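Please work through the exercises below with the sequence and the 3D structure at hand. Each task is followed by a solution in steps.

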Amino acid sequence: MKKNLFGMFVFILFSFSLIVKAQVTVKGTVVDHTTKEPIQNAAVTTEGTSISANTDEYGKFKIISPRAITMLTVKRIGYKTVSVNVSENKEPLYIQMSVSPVQLTGVEVVGSMQLLQAQPIGVLTGKDLSRFSGLSLVNSINTIPGVFMQSRTPWGGARITIRGYYPSTSGNSPNQNGLGYQAFINDIPITDAAGTTVLDNIDFSSLGNVEVIKGPSSSLYGSFIGGTVLFTTSKPKPGHTSFSQQVVGGSNGLFRSTTTFNSAGKTSDFVVNYGHQTYDSFRPHSASNKDFFYLNGDFQVGTDQTVSTFMSINRSYEELAGEIDSADYYNRLPVSNQQYLSNNSHIKVNNFIIGVSDNYRISDLFTNKTTIFGSGFTSNQPFAHGVTDVNQFNYGLRTQFGYTVKTGSLGINGILGGMFQRSNLTSNGVFIVPAPPFTQRPSDQENYAMKYNLFTEWSFAFPGQITVTAGASFNKNEFGIRNMLKNNQVNDTTQLTVKAFDPVVTQRISVSKVFNNEVSAYLSVSTGYTPPLLSDAVASNGSVDLSLSPEKAVQYEAGTKGNIFDNKLAYQLSLFDLENSNKLVRQTANSVSFTTNAGKQRNQGLELSLHYIAVDNQGRFISLFSPWLSYTYSNFKYVDFKSDNNNNAGTINFSGNYVARVPRNMVSAGFDLETKAGFYIYGAYQYVDKVPVTFDNSTYVRAYSLLGAKAGYKVQFGKNFSVNIYAGGDNLLSSTYYTFLFVGPNIKGLEQSKDGGSGDGYIIPGSYKPSFYGNVTLSYSL
């Protein structure tokens, strides 16, 4: 009996060893192809078996099979399905997934992780960015509800307004660069330490993804009231190497040539891109000439570490035709401002951006991402009443640690980090007072701006798919101004004037609830602040005011988003109330222009996005048909808002008026249609309501509608060659519309033609006639 038991034990042990020996284990990590962030809840299945696994919070998976595994299939809602061959070596797999072409326009609603986010994030994928010509961001980003991008020239001087917020000084500053929000490209800040965002040297055609965080709703990117825009450049297709040449031609002398080399292996990918673009324009002195070069690479140096690099060198030359009066605008005259023409106004910018990021998974609980960056530019800008030359250099570091733990239905996700940035700049030029006796005021300054912030955000997941998120950021800003002139003469003994703002802590708290893994609802409260710019502290006569206070804001928001009707209809709806105090206003007294804190503003709004997938079947002749819609309602008014803070007989009260430059209603709608044969048609319509341009609401610019369309054909020749040919048009309705508006207290301060008017005009028109473009892109893949 003992011998039988012993024999049976040996047999079982031997059999078990054979089973263990026969088992095959495959491990790997699944990440987003563009952002390199891990993808949770991706379904990983093996070919020919029922064995499967889902990726965890870190994008990791492990499959154990009793027999050899030759292929894996990875699926995730919102991403293209990926099939991966499995070799006999036991190295962990690194699988990259690309976003599905069928995405909700301007909204990130692709799965359970996004449903948990208690904030609206507008997202543009590569598909959205290529819906129009692909050379400009304006048409694409304006499909995101609550976002309105304008530009001073057809291809430059861009400003992005998020939820109607902008510091009031931006209406009248000479530069007109983006204010009140911050922007990053590949984790490198475009916005300098002074708070100014210059987009002239960003090649929008190189972008693969854009995210817009609306309002002060993120603890992770500081305190800006307007929000944050995150640009990510295109990444090569996983496992492919290709060379492509693109040529675009169009109306008004548009020409664009882009040469791109892409390569992506198992552990690295990189892109080299050069673009040259010229444009003559539809009105005098508004030509453009640009050169773009960038190099981007991602390198997996271990199973838990990726190093990313980015470098760009760009040159931009934009002629400035200037703003015009309403009479010329409504008469559809392609004229330019004589003051700008007389001074050969233009803006010439040369810049570089460089950065290195290290993304490291320290353990199953902790991660770190650190970016070191630097950038610089030189600019020369003659404008209507003078000239300004600027040299600037920026540098800094951003790091954040992540912590994730999950036990059953409970989970904690935390982020703790900080950012430091400094900008050194020299500025010199001359300002000519636009009134007799036309006094010349030279300037020569050596300035700096510095900011640093510490941030943290923690999300707590509870049973019932309820998530509570709390975050805060500690913000410190400082700037120094050295006026090198004394009695209009260079004086090396001038003193540095330093303004160090008191530290400000901004907070955010939200709660969200997911229903049936399809729909979520959320509530959030967040605060933000925007400090004055360097230029705000300096009056037009060179005097410095250190008494200015930062603008502050509180935002209350409620919303819902989800995918319903078997994931065919994606939607997002949000209601918000943003209360903004200490508004910065530019005013003029005794021919001296200066900035002051002069009031409050309340922005109440509604944002809606809908995207319906009517057809999504690659086997049918019409393989894709998807209509989409976005709507923005803005009830934005001044509250206790005055022309100055003197509170005397000369003070004008604008309280109760609508906020200038913000349309009450905006609608974007369109459709995407693709066929199995490779033909495609995209159509888009935009309506912009009438808008006040004066604080007293005495003058409005009329509403307009724009219609655009694009049709093309994509075909593959053999295994290596592919061609994409398309043609399109903008403003097909020949509408009278503007690309940029200047605002002021009243119309006399804006128009030349008004009795006693002292302005230069306030409207920069778009082309009154339809503009057409055509493209041929030839690609060769290895």
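The exercises that follow concern a predicted model.

**Exercise 1. The chain as a whole**

Task: State how many helices and strands the protein chain has, and what share of its residues is buried.

Solution. Step 1: The chain contains 7 helices and 48 strands. Step 2: Of its 782 residues, 54% are buried. Step 3: The chain exposes about 32700 Å², and 58% of this area is supplied by carbon and sulfur atoms. Step 4: Turn to contacts between residues at least 6 apart in sequence; 64% of them join residues at least 24 apart.

**Exercise 2. The largest nonpolar core**

Task: Which residues of the largest nonpolar core touch the most other members?

Solution. Step 1: This core has 36 residues, and those that touch the most other members are L137, I141, I160, L199, V210, V229 and F231. Step 2: Several elements give two or more residues to the core, including strand 9 (147–153), strand 10 (156–162), strand 15 (207–214) and strand 16 (227–233). Step 3: Select I141 and set aside its neighbours within four places in sequence; I141 is then in contact with L124, V147, M149, I160 and V212. Step 4: Another core, of 31 residues, lies apart from the largest one, and L135, V248, L254 and Y768 are among its members. Step 5: As general background, nonpolar side chains tend to be buried together in soluble globular proteins.

**Exercise 3. An open sheet**

Task: In which order do the 5 strands of the open sheet stand, and why is one side of strand 8 and of strand 13 left without a neighbour in the sheet?

Solution. Step 1: The order is 8-15-16-12-13, with mixed pairing. Step 2: Strand 8 (121–125) and strand 13 (188–189) are at the edges; each has a single partner strand, so one side of each lacks a neighbour in the sheet. Step 3: The pairing of strand 8 with strand 15 is antiparallel and extends over 5 bridges. Step 4: One position illustrates this pairing: L124 has V210 in strand 15 as its bridge partner.

**Exercise 4. Salt bridges between distant parts**

Task: Explain why the salt bridge between D203 and R256 ties together parts that are apart in sequence, and state where the partners of two further salt bridges lie.

Solution. Step 1: The structure holds 15 salt bridges. Step 2: In one of them, the side chains of D203 and R256 meet at 2.9 Å, N to O. D203 belongs to the loop between strand 14 (196–197) and strand 15, while R256 belongs to strand 18 (residues 254–264), so the pair connects parts that are 53 residues apart in sequence. Both D203 and R256 are buried.

Step 3: The side chains of D298 and K235 also form a salt bridge, at 3.2 Å, N to O. D298 is in strand 20 (residues 288–302) and K235 is in the loop between strand 16 and strand 17 (241–250), 63 residues apart. D298 and K235 are both buried.

Step 4: A further salt bridge joins K290 and E318 at 3.1 Å, N to O. K290 lies in strand 20 and E318 in strand 21 (residues 305–319), 28 residues apart. To classify these residues, recall that buried means under 20% relative accessible area. K290 has 2% relative accessibility and therefore counts as buried. E318 has 0% and therefore also counts as buried.

Step 5: Finally, R163, K214, E557 and E607 are joined into one network by salt bridges that share partners.

Conventions: Residues are numbered from 1 along each chain as its sequence is written. This is a predicted model: local features need pLDDT of at least 70, side-chain atom pairs count only at pLDDT 80 or more; totals for chains, interfaces and linings use all residues. Side-chain values use heavy atoms; hydrogens and water are left out. A nonpolar core is a set of buried Ala, Val, Leu, Ile, Met, Phe, Trp, Tyr and Cys residues joined through side-chain atoms within 4.5 Å. Buried means under 20% relative accessible area, exposed over 50%, partly exposed in between (1.4 Å probe, protein chains only). Helices (H or I, at least four residues) and strands (E, at least two) are DSSP runs, numbered from the N terminus. Contact means heavy atoms within 4.5 Å. Two strands pair if DSSP finds at least two bridges between them. A salt bridge is a side-chain nitrogen of Lys or Arg within 4 Å of a carboxyl oxygen of Asp or Glu. Accessible areas come from the Shrake-Rupley method with a 1.4 Å probe; for residues, only the protein chains shown count as cover.
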